[in-house]
Structures are given as C-alpha cells and as structure tokens.
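Biologist: Let us go through this structure together. I will ask how each label is earned.

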Amino acid sequence: MESAASVTADAKIVIKGVKKRFGPKVVLDGLDLVVPRGQSLVIIGGSGTGKSVTIKCVLGILKPDAGQILVDGQDTAKLRGNARDAYLRKFGMLFQGAALFDSMTVWENVAFGLIQGRGVKRATAREIAFEKLAKVGLAADVGALYPSELSGGMQKRVGLARAIAAEPEIIFFDEPTTGLDPIMSDIINNLIVETRGSGTTTLSITHDLVSARKIADRIAMLYKGKIIWEGPTAEIDRSGNPYVEQFIHGRAEGPIKMEVKA
Ligand SMILES: Nc1ncnc2c1ncn2[C@@H]1O[C@H](COP(=O)(O)OP(=O)(O)OP(=O)(O)O)[C@@H](O)[C@H]1O
C-alpha cells in the first residue's frame with residue numbers, strides 16, 4: 001500500500017482541516033482530502049452531506065471558516081487579483097444539469113470561456129469549440145443549435161465540451177450522470193475517463209456508484225462533515241467500514257440514519 005506521505009508529495013489539491021458552517025448547521029467539520037496530480041478522485045456521500053460545498057470552497061465561491069486549501073502548493077485563501085484569475089483558469093467544470101446559456105448556440109456555449117475568460121478571438125474559439133464538440137461525439141451541425149433543442153444527454157456532452165475547451169489542469173464533475181439513462185451514462189463516463197489521458201486531475205461528486213467505479217482512481221466518502229473512508233477504487237468493496245458498506249449497497253438499514261423531515 002502507498003503511504004499517505006507519498007500521496008501528499010504528488011498532490012494537486014490538498015484540503016486540510018476545512019470547516020464550514022451555515023448558521024448553526026455544521027456542514028464541513030474538519031475535512032481532509034488529497035487529490036493526487038493527474039488522477040481522478042470521486043467523492044461519494046448522501047444528499048446534503050456537503051459535496052457541493054467542498055467544491056465551492058476549492059473554487060473560492062465559499063470561504064471556509066477554518067482550515068486550508070492548497071492547489072499546486074499555493075494557499076488559495078491568499079490569492080488576489082491576477083493571481084486569483086490565473087488560479088481560476090486552472091479549472092473546468094461540468095455542472096449538474098449542464099447549466100448552458102439558453103440564448104447562445106451550442107458552439108457559443110462551448111467557446112464562451114475562451115472568448116470571455118481568455119481573450120481568444122471569436123474565429124479561433126469557434127474552431128476550438130467544434131473540435132471539442134467532435135471530441136465528445138457531437139456532429140458539427142449540432143453546433144448551430146440552441147440548448148433547448150438538445151436531449152439531456154446531448155446537453156451533458158456540450159457541458160463536457162465546454163469544461164474541456166480551455167484544456168484546464170483540473171476538472172470538476174458535479175453529478176455527471178444524474179438524469180441520464182444507463183447507456184448515455186456509460187458514454188459520459190467513457191468521455192470522462194478519456195479526459196484523464198491528458199494528465200488532467202479530476203474531482204467528481206456523485207451518488208452513482210456505477211459511475212464512481214468507472215471514473216475513479218480513488219474514492220472518498222463524505223459523512224457528517226468528514227471523510228470517513230478514502231482509498232483506491234478497487235478497495236471500496238473491502239473497506240471494512242459499515243458506513244461505506246451501507247452506502248454502496250444502498251441499504252436502508254445501517255449506521256447511516258437518513259434525516260427525514262416532514
Ligand atoms: N449558501 C448556503 N447557505 C446555507 N446553507 C447552505 C448553503 N450551501 C449549502 N448549504 C447547506 O449545506 C448542506 C450541504 O449542501 P451541499 O449542496 O454541499 O450537499 P451535497 O452533498 O452536494 O448534496 P446533493 O447530493 O443533494 O447535491 C445542505 O444542508 C445545504 O442546505
């Protein structure tokens with residue numbers, strides 16, 4: 001087994017003791033997590049356990065109450081101005097529900113970040129957009145359509161093309177297969193696996209264990225604000241952790257009590 005030290009030495013993202021609460025509600029309670037460079041880490045956990053809050057803290061959309069987040073060894077809390085812009089350019093993101101702009105065509109959606117964020121000329125950005133659309137298996141004529149004219153699976157592919165458009169160092173995938181049928185989920189999973197080939201580091205959050213097993217090098221389970229298990233994907237079936245066991249087998253009975261509110 002690899003030592004924790006060797007994982008940390010080649011870390012792209014290090015989350016150390018991060019705490020985040022909203023009023024009286026403690027969401028993250030000393031979260032520790034390392035995402036190794038060039039690897040795919042998937043966070044699993046029940047609804048409302050703080051998976052999205054974790055990603056928002058890394059992106060700086062939310063400020064942790066305590067703890068530290070390092071990306072490439074840089075403390076994200078200390079970034080200002082240009083350094084912060086450069087930091088944000090490291091990331092691509094595929095949002096849950098794809099989150100495309102309805103008023104823009106497909107290619108304009110894919111090119112948006114290149115034109116707005118990086119000052120790429122419109123004609124060049126258009127070329128890159130069509131290249132990325134082809135990469136996710138969408139024919140060129142799809143580029144001129146509007147998001148409302150596409151199926152959910154096609155929208156996810158467009159979202160993926162947008163996430164990879166600027167060839168970011170890190171990509172976040174937020175529930176990449178939610179709402180898709182099993183075959184389309186598998187297609188999206190395969191595309192995600194392909195994005196790793198180029199050395200990209202990926203951090204995903206999902207409830208979908210089939211997807212997690214397919215796309216993850218490592219899986220971490222979040223429960224009550226902490227990572228209660230983390231390890232190589234192949235080891236999740238022998239975690240020996242009753243919380244993980246209950247979650248991966250989807251059992252109503254077990255140590256995890258769902259908070260059912262009226
Ligand atoms: N800006 C906010 N203000 C107040 N509470 C928030 C805010 N953002 C998140 N929360 C709360 O933090 C908790 C964790 O939310 P989060 O969205 O991270 O869950 P999640 O694990 O991603 O869930 P799901 O799988 O359902 O998407 C929830 O109880 C949520 O209501």
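Biologist: What makes a residue part of the group around the ligand?

Modeller: Its C-beta atom, placed from the backbone, must lie within 6 Å of the molecule. The residues that pass are Phe-22, Val-27, Gly-45, Ser-47, Gly-48, Thr-49, Gly-50, Lys-51, Ser-52 and Val-53. This is a predicted model: local features need pLDDT of at least 70, side-chain atom pairs count only at pLDDT 80 or more, and totals for chains, interfaces and linings use all residues. Residues are numbered from 1 along each chain as its sequence is written.

Biologist: How do the residues of that shell divide into nonpolar, polar and charged?

Modeller: Three are nonpolar, six polar and one charged. Ala, Val, Leu, Ile, Met, Phe, Trp, Tyr, Cys and Pro count as nonpolar, Asp, Glu, Lys and Arg as charged, and the others, Gly among them, as polar.

Biologist: Which helix gives the largest share of the shell?

Modeller: Helix α2, residues 51-59, with three residues. A helix here is a DSSP run of H or I, at least four residues, and a strand is a run of E, at least two, numbered from the N terminus. Gly-60 follows α2, and its phi is positive, near 80°.

Biologist: Which residues of α2 are called buried?

Modeller: Lys-51, Val-53, Thr-54, Ile-55, Cys-57 and Val-58. Buried means that 20 or more other C-beta atoms lie within 10 Å of the residue's own; exposed means 12 or fewer, and partly exposed is in between. In the whole protein chain, 37% of the 262 residues count as buried.

Biologist: Why are β2 and β5 said to stand at the edges?

Modeller: The open sheet has four strands in the order β2-β1-β4-β5, paired antiparallel. β2 (25-36) and β5 (74-75) each have a single partner strand, so one side of each is left without a neighbour in the sheet.

Biologist: What makes β1 and β4 a pair?

Modeller: Pairing needs at least two DSSP bridges between two strands. β1 (residues 11-22) and β4 (residues 66-71) have five, in the antiparallel sense. Val-14 stands opposite Leu-70 in β4.

Biologist: Why is the protein chain called as compact as a globular protein of its length?

Modeller: The chain has nine helices and 10 strands. Its radius of gyration is 19 Å, close to the 18 Å that the globule rule gives for 262 residues, so the chain is as compact as a globular protein of that length. The radius is taken over C-alpha atoms, and the rule is 2.2 Å times the number of residues to the power 0.38.
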